[in-house]
Amino acid sequence: MASSRDSDPTLGYLTRKETEVKLPRPTRVKNKTPAQIQITAEQILREARERQEAEIRPPKQKITDSIELGDYRLRKRKEYEDLIRRVRWNKSVWVKYAKWEESQKDFTRARSVWERALEVDYRDHTMWLKYADFEMKNKFVNHARNVWDRAVMLLPRVDQLWYKYIHMEEMLGNVAGARQIFERWMSWQPDQQGWLSYIKFELRYNEVERAREIFERFVDCHPKVGAWIRYAKFEMKNGEIPRARSCYERAVEKLGDDEEAEELFVAFAEFEEKCKETERARCIYKYALDHIPKGRAEELYKKFVAFEKQYGDREGIEDAIIGKRRFQYEDEVRKNPLNYDAWFDYIRLEESAGNKERIEDVYERAIANIPPAQEKRYWQRYIYLWINYVLYEELDAQDVDRTRNIYSLCLKIIPHDKFSFAKIWLMAAQFEIRQLDLDRARLILGSAIGKAPKDKIFKKYIEIELQLGNIDRCRKLYQKYLEWSPEHCYAWSKYAELERSLAETERARSIFELAIDQPALDMPELLWKAYIDFEISEGEYERTRALYERLLNRTKHLKVWISYAKFEASAMEEDFQDSDVQESDNEQKRKCLQRVRGVFERALSYFRTSAPELKEERAMLLEEWLNLESSFGELGNVDLVRVKLPKKLKKRRHIETEDGPAGYEEYIDYLFPEETQTTNLKILEAAYKWKKQKTVSDED
């Protein structure tokens with residue numbers, strides 16, 4: 001029952017225990033200490049070699065008569081034929097078979113084996129080579145020619161077959177036959193090496209004209225820079241300098257735009273240099289540098305700089321160096337067209353050279369690289385390319401129409417719905433003003449306000465109209481300015497200042513009233529100060545006091561109180577100078593002093609009751625009061641303020657950080673007279689309680 005229960009249906013009637021693979025138990029190493037005598041791997045290998053049994057070789061067989069030789073040949077041929085039947089595709093078997101027949105001097109049979117091998121795969125050129133080598137080695141020349149003819153007919157693209165065939169004919173002295181084979185080969189338009197071999201063959205036999213004709217066919221077949229350079233060098237070597245120059249000129253006409261044109265121009269220039277034609281060489285270098293793309297002219301620049309250093313004057317050397325730097329900048333902008341710093345350097349280089357066409361070309365290429373993202377931070381550097389461009393066209397090139405077109409293109413490219421540049425708008429308007437075209441300038445500034453209103457544009461537009469004396473235009477512009485930015489205190493102040501300069505006092509006052517009634521202002525303190533200064537300049541002291549009171553209803557800042565008090569002090573002098581009332585000087589001063597004291601008293605009352613935590617501001621207020629009292633001379637009462645001055649105390653407090661207390665810091669605290677009395681009462685009360693507790697404890 002147990003066996004049937006443990007048996008696996010996939011294993012028949014065998015149990016799992018019977019089918020388990022039993023691995024040998026790993027031996028336990030009892031002694032892990034190293035042996036006294038160590039055995040190296042080299043010793044083990046040497047012992048294995050020494051104990052190896054000798055190889056069993058068959059005995060050598062000596063053939064003594066023709067019958068044994070016939071039997072031996074029959075047996076070997078049967079072995080080879082059986083082997084060929086099994087592995088017909090194996091070329092090495094065919095080669096061995098043919099070489100064996102050759103060793104037996106049975107050339108007919110050997111030739112038959114080679115033919116049978118070629119029937120298996122005639123596309124293997126190594127079989128043809130070995131077959132032809134067999135025929136040549138055994139001096140069967142016509143047979144060898146027959147093999148080579150068939151080989152080059154079947155495999156015309158295998159250069160080695162042609163080379164071997166030609167070599168055989170040349171070794172046999174059959175020059176005409178070799179030339180005929182070359183012609184057959186050239187009809188297949190082989191690579192450059194084949195043509196060069198043909199040329200060398202003709203030159204070996206001093207056939208220069210034939211070689212020249214082959215060169216002509218060669219450059220037609222392979223119209224490449226290397227072929228033309230070889231042709232020119234061939235003519236140079238033969239002393240035909242006009243022919244060599246003609247080769248270079250024809251090559252430049254045909255391959256001037258080729259990728260390898262740099263090599264051609266360098267070779268042409270070096271040729272002229274060897275011929276002592278320095279000016280020709282310089283012209284070739286300059287022509288090449290103007291026509292070859294900068295990315296492919298690195299070697300050309302190096303050669304040109306070296307040439308100028310050797311033959312040129314100072315200007316030529318500088319031009320060559322500029323050309324080299326130009327190449328470096330071209331490489332930089334090619335790798336990263338959005339590298340505007342590289343464009344600026346490149347433009348600066350071209351401007352130093354002074355070639356107008358080159359400068360404009362570089363500018364046009366630079367501004368064509370528009371930043372990919374419509375974010376102002378990406379455009380801030382780019383926009384200066386346009387600025388430099390228009391300045392160059394206006395100031396250096398003095399081309400008004402082109403400058404105007406550049407401004408127009410620049411303003412079209414900028415995405416004004418996302419961001420804009422006030423500088424460009426203003427520069428375009430100022431350019432039109434310099435051209436005495438005010439209508440165009442107004443049109444540009446009006447478009448700027450409509451598309452991208454900015455503070456700078458409004459200010460400059462108003463300034464221009466003000467200089468022209470167009471007051472109504474200025475008022476309209478200020479109105480648009482304030483409609484666009486009603487919280488801008490600068491605009492309100494300047495508008496009111498304009499009306500005041502025109503003696504329109506009521507207009508100016510109305511503007512100030514509208515301004516201070518705005519729900520939100522960016523710098524209200526400046527606006528209130530401008531309004532107060534305006535009323536003081538107009539001599540309206542009651543209005544000024546009313547303004548201060550209105551301002552104190554909004555804010556009770558320390559500076560407001562001090563400014564109010566100083567106004568009352570300065571108003572005293574104005575009243576004294578302008579007053580028609582015949583009162584004594586002291587009476588006037590006392591009245592103003594009373595008003596100053598009234599302001600300070602109200603301020604102290606506010607800081608004492610409503611803002612007791614502002615101790616430092618209160619102390620500063622008292623110091624200002626003290627200074628004003630001392631400035632009144634005999635009428636002033638310094639002691640009145642001194643009794644109210646606080647004491648300065650140095651105190652320490654904890655410095656709290658995120659990790660907990662981090663030490664102490666010193667600070668100045670102020671102790672006012674009324675606080676001193678309260679402190680003394682608290683000390684007496686604490687002392688009384690302590691005395692009472694001590695008495696109770698003694699009784700107990």
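User: On a 1 Å grid over the protein atoms alone, a cavity is a set of points where a 1.4 Å probe fits but cannot get out; how many of 30 Å³ or more are there?

Analyst: The count is one cavity of 30 Å³ or more, and the largest cavity has a volume of about 40 Å³ (the space filled by probe spheres set on the points, which are joined across faces, edges and corners). This is a predicted model, in which local features need pLDDT of at least 70 and side-chain atom pairs pLDDT 80 or more, while totals for chains, interfaces and linings use all residues. Residues are numbered from 1 along each chain, and side-chain values use heavy atoms, without hydrogens and water.

User: Ok, and which residues line the largest cavity?

Analyst: Its lining (residues with an atom within 4 Å of a point) consists of I433, L438, A441, R442, L445, Y461, I464, E465 and L468. Two or more of these come from each of α24 (438-451) and α25 (455-468).

User: What about the largest pocket, how big is that?

Analyst: The largest pocket, an open set with protein on both sides within 12 Å along at least five of seven lines, has a volume of about 420 Å³. It is lined by 15 residues, and E525, W528, K529, L551 and V560 are the closest to its centre.

User: Which helix gives the most to that lining?

Analyst: That is α29, with seven residues.

User: And the second largest pocket, what volume has it?

Analyst: The second largest pocket holds about 320 Å³, and of its 14 lining residues the closest to its centre are S408, L411, W425, L443 and I444.

User: Switching topic, how many helices and strands are there?

Analyst: The protein has 35 helices and two strands, both being DSSP runs (H or I of at least four residues, E of at least two) numbered from the N terminus.
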